[in-house]
Amino acid sequence: MEKRLRLIPYQVNEVVEVVSEVPEGINMIGAPKIWEKSKGKGITVAILDTGCDITHPDLSERIIGGCNFTDDDNGNPDLYTDYNGHGTHVAGTIAAAQNNNGVIGVAPEASLLILKVLNKNGSGQYDWIIKGINYAVEQKVAIISMSLGGSEDVPELHQAIQNAITNQILVVCAAGNEGDGQVSSDEFSYPGSYNEVISVGAINLKRRSSEFSNSNNEVDLVAPGEEILSTYINGQYARLSGTSMATPHISGALALIKDVANKNFERNLTEPELYAQLIKRTVPLGNSPKLEGNGLLYLTVEDYLSDVFNQKLSAQSLKI
């Protein structure tokens, strides 16, 4: 299968050496409010991307293994180093464990399986992606996170995803960055447009829909995707923008939701049940469903209106 699939285009806003903070996006979805109940321990998320900086101080203890399916490093399956930066950034948003100075992810005690399916140029063969998905199924991961996409609907890719869903794995995908800001037009990217996946659009840190975010009737929800601070290659940190950055917020959140829900129900919930638990934690922002699906993820919906009210009150106070 010679057709290739690529990283969804993204923007590097800033690269920095040292930070020490909870990224704004993590707060925007209410993750810290649920950490007393769960930080994702025991939940494994497979990241299908450009690999990862496995020595990064905020990530090294979260990575439980990986595999390289690309042509980087002569195709050595044991070398899943990230030469691009994208995969490391995604990994940090999901599960960075703040190590002294650094950042923290949505689920800072979740485990990460790094499946390198895109090479240093951000390009990958469909076969690589399919093999990565099948490997994740074999490893019995809980969640698959994919911030990648292409314009073609390839049946073999769709079948691999359907197999993952059948095995009760939640598959989270970026909606895509071909949006024109108009809900009258549809932009489709695959695998993000498959009905079986959880398709994630992007908003900015002011809760406004990102102009680049694809609009279509398969978008399930939105998360922060502009100027997102996370881990980066060479032990650094960076702010990146794209639906690629929104997606790991949802992947990390699902690790928390799965852990909490399974404890509450005293059984392992199915993939459709966990999807329902995710969607019940969304808040409409007033945009077309083609842009925002069910709305913004907020892990403790009951606190959302209170938080927004307090933010507006604080902003008004600053103006006086």
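**Exercise 1. Work out how strand E11 is paired and how well covered it is.**

Start with the pairing: strand E10 (residues 198-203) and E11 run parallel and are joined by 5 bridges. Keep in mind that this is a predicted model. Next, pick out one bridge: Ile203 has Pro224 as its partner in E11. Then check the burial. E11 spans residues 219-224, and 6 of its 6 residues are buried, so the strand is largely enclosed by the rest of the structure.

**Exercise 2. Find the strands that pair with E13, and say whether the residues of E13 are buried or exposed.**

Step one, take the first neighbour. Strand E2 (residues 11-16) pairs with E13 in the antiparallel sense, over 5 bridges. Within that pairing, Glu14 has Arg239 of E13 as its bridge partner.

Step two, take the other neighbour. Strand E12 (residues 228-232) also pairs with E13 in the antiparallel sense, over 5 bridges. Here Tyr232 is bridged to Gln236 of E13. E12 and E13 form a hairpin with 3 residues between the strands, and Asn234 takes a positive phi near 60 degrees there.

Step three, look at the side chains. In a regular strand they alternate between the two faces of the sheet. In E13, Gln236, Ala238 and Leu240 point one way, while Tyr237, Arg239 and Ser241 point the other way. Both sets are buried.

Step four, put it together. With 6 of the 6 residues of E13 (residues 236-241) buried, the strand is largely enclosed by the rest of the structure.

**Exercise 3. Classify the aromatic pairs by their ring geometry.**

A search of the whole structure gives 2 aromatic pairs. Let's take them in turn.

Phe69 and Tyr135 have ring centres 5.8 Å apart and planes at 70 degrees. The cut-off for edge-to-face is over 60 degrees, so this pair is edge-to-face. Now place the partners: Phe69 sits in the loop between strand E4 (63-68) and helix H2 (86-95), and Tyr135 sits in helix H3 (residues 126-138). The pair therefore ties together parts that are 66 residues apart in sequence. As for accessibility, Phe69 is buried at 15% relative accessible area, whereas Tyr135, at 22%, counts as partly exposed. The dividing value is 20%.

On to Tyr190 and Tyr194. Their ring centres are 5.2 Å apart and their planes lie at 50 degrees, so the pair is tilted. Tyr190 and Tyr194 are both buried.

**Exercise 4. Decide how covered helix H2 is.**

Just go through the helix and count: 10 of the 10 residues of H2 are buried, so call it mostly covered. The buried residues include His86, His89, Val90 and Ile94, and Gly87 and Gly92 are also among them.

**Exercise 5. How many disulfides does the structure have, and why is Cys52 not in a bond?**

First, the count: the search of the whole structure finds 0 disulfides. Now for Cys52. Its closest cysteine sulfur belongs to Cys67 and is 15 Å away, which is too far for a bond. For scale, the cut-off is within 2.5 Å. Cys52 is also buried, with a relative accessible area of 0%.

Finally, try Cys173. The nearest cysteine sulfur is that of Cys52, 19 Å away, and Cys173 is in no disulfide. Cys173 is buried too, with a relative accessible area of 0%.

Terms used: Residues numbered from 1 in each chain as written. Predicted model: local features only at pLDDT ≥ 70, side-chain atom pairs only at ≥ 80, totals over all residues. Heavy atoms only, no water. Phe/Tyr/Trp six-rings, centres within 6.5 Å; stacked < 30°, edge-to-face > 60°. Helix = DSSP H or I, 4+ residues; strand = E, 2+ residues; numbered from the N terminus. Buried < 20%, exposed > 50% of the residue type's maximum accessible area, 1.4 Å probe, protein only. Pairing = 2+ DSSP bridges.
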